[in-house]
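I opened this entry to look up how two chains meet and how some of the strands pair. My notes follow the order in which I checked things.

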Number of protein chains: 2
Amino acid sequence: MTTDAPSNAPSERTRLRRRHDRASYDKETIHAILDATMICHVGISIDGQPFVTPTIHWREGNRIYFHGSSKSRTFCHMMTDAPVCVSVSLLDGIVLARSGFNHSVNYRSVMLFGTARQVEDGAAKTKHLKTFIERMFPGRWEELRPVSAKEIKATKVVWMEIDEASAKLRTGGPNDNEDDYSQPVWAGVLPITTTTDKPEPCPRLMEGIAEPDYLRAFKA
Amino acid sequence: MTTDAPSNAPSERTRLRRRHDRASYDKETIHAILDATMICHVGISIDGQPFVTPTIHWREGNRIYFHGSSKSRTFCHMMTDAPVCVSVSLLDGIVLARSGFNHSVNYRSVMLFGTARQVEDGAAKTKHLKTFIERMFPGRWEELRPVSAKEIKATKVVWMEIDEASAKLRTGGPNDNEDDYSQPVWAGVLPITTTTDKPEPCPRLMEGIAEPDYLRAFKA
């Protein structure tokens, strides 16, 4: 059974070489960043050639899950016990300092190492896909027609333990050289946020279908 | 000299194995996606171990540029003629279909392969960093104190040709199985956008410094 216990000390792969002040190995921080993002970038190496593929992820306990086509090259390669590096990042702002050199960005990122496993059992796959949909849109799964055996077979559900992971983040305003604070130039942060807009119904929506509550819960 | 000529046919690495309908090898499309994103994910492989590092990028002509600390492991490894894979992606919406299986996301992504080179000359480095700042904030570079030789020495400016690249994108509403259109469930797109918020001035801002025009140009 996996728990949300605090992460261990950094491994050789996750230990931050530079900017230790921005590092965190705390599970709560790592989980929060994974939960705040939808797209991750999965890195694999095939005969020394790196491939970085964007894919959707979600978290259950101390595991990160992905799903994709059974034929996906990345997913098939991951099933060979290959080392995997997963990276997620959120840009929170552009930091305008008083020198070009001290310009920066505010961000939250996670880098995660390990090997991947797939969920073999069809019923278990279905359960995880339901969790994924329900986390975003509570109540939607029961509104959909049941998934077919063929659809489940065509879908790989893959997971990795969140054991060897590090978060790196920056918040706050510019950190200028003390001498530079007297420069007559604007300095501060241009915040960046990701939001949802008004839902766009499908032109072939059945008559009488109202916009569901779970969509209204998103900030417009 | 690099030009904005159309990309060549896909290489073995960039040819999309699945969902060919979502692929584009057109330079204009690839450049537009690179220009619409600020963060990319750089993949390298060290002794078979993949590392995926988020970093800021910008484009000049048919080259993608990065900058970072001279001591960065990723940047140092890239200088050994190592194969590099760069991935950028933009999430544009969540596509809610009438079956779980046909749920999707709208996105724009680019995958780019090649090897990296660094700008050696200090004056040339400065010129590229100026281009980077000026593209975001026109006029700002001249407002800042000049960069020092020490700062330029501590910064690597790295570039790759955008020769072996592919774009992959999805737009539009749900594509349901014909039988599923009669399902009594909401279907459509929840659009996602990234925007800037009101600039937050540094608490130590010099008196009398107004918010610059180039910040007002950003959508709040």
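These notes cover the symmetry, the contact and then the strand pairing.

**Symmetry**

I am working from a predicted model. I began with the relation between the two copies. A rotation of 180 degrees, with 0.0 Å of shift along its axis, puts chain A on chain B at an RMSD of 0.0 Å. I therefore noted the relation as that of a two-fold axis. Next I asked which residue of chain A comes closest to the rotation axis. That residue is Thr194(A), whose C-alpha lies at 2.1 Å. I also checked whether one surface serves both copies or each has its own. The same surface serves both, as 97% of the contact residues of chain A recur in chain B.

**Contact**

I then looked up how many residues each chain gives to the contact. Chain A gives 74 residues and chain B gives 72 residues. I went through the elements of chain A on the side that touches chain B. Those supplying at least two residues each include strand 2 (39-46), strand 3 (49-60), strand 5 (84-96) and strand 6 (104-114). Helix 3 (122-136) and helix 4 (140-143) of chain A are also among them, as are strand 10 (188-196) and strand 11 (200-201). The largest share comes from strand 10 of chain A, with 9 residues. I sorted this side of chain A by residue class and noted 39 nonpolar, 22 polar and 13 charged residues.

**Pairing between the chains**

I looked for strands that pair from one chain to the other. Strand 11 of chain A pairs with strand 10 (residues 188-196) of chain B. The sense is antiparallel, over 2 bridges. Which residue stands opposite Pro201(A)? I found Gly188(B), in strand 10 of chain B.

**Pairing within chain B**

I moved on to chain B itself. Strand 2 (residues 39-46) and strand 3 (residues 49-60) of chain B run antiparallel and are joined by 8 bridges. Cys40(B) stands opposite Thr55(B) in strand 3 of chain B. The hairpin of these two strands has 2 residues between them. There I noted Asp47(B), with a positive phi near 50 degrees.

Strand 3 of chain B also pairs with strand 4 (residues 63-69) of chain B, in the antiparallel sense over 4 bridges. I looked up the bridge partner of Trp58(B) and found Tyr65(B), in strand 4 of chain B. Strand 3 and strand 4 of chain B form a hairpin, again with 2 residues between the strands. In this turn, Gly61(B) has a positive phi of about 60 degrees.

Definitions and conventions: Residues are numbered from 1 along each chain as its sequence is written. Chains are lettered from A and ligands numbered from 1 in the order in which they are written. This is a predicted model: local features need pLDDT of at least 70, side-chain atom pairs count only at pLDDT 80 or more; totals for chains, interfaces and linings use all residues. Copies are superposed by least squares on the C-alpha atoms of residues with pLDDT of at least 70 in both. Two residues are in contact if their C-beta atoms, placed from the backbone, lie within 7 Å. Ala, Val, Leu, Ile, Met, Phe, Trp, Tyr, Cys and Pro count as nonpolar, Asp, Glu, Lys and Arg as charged, and the others, Gly among them, as polar. Two strands pair if DSSP finds at least two bridges between them.
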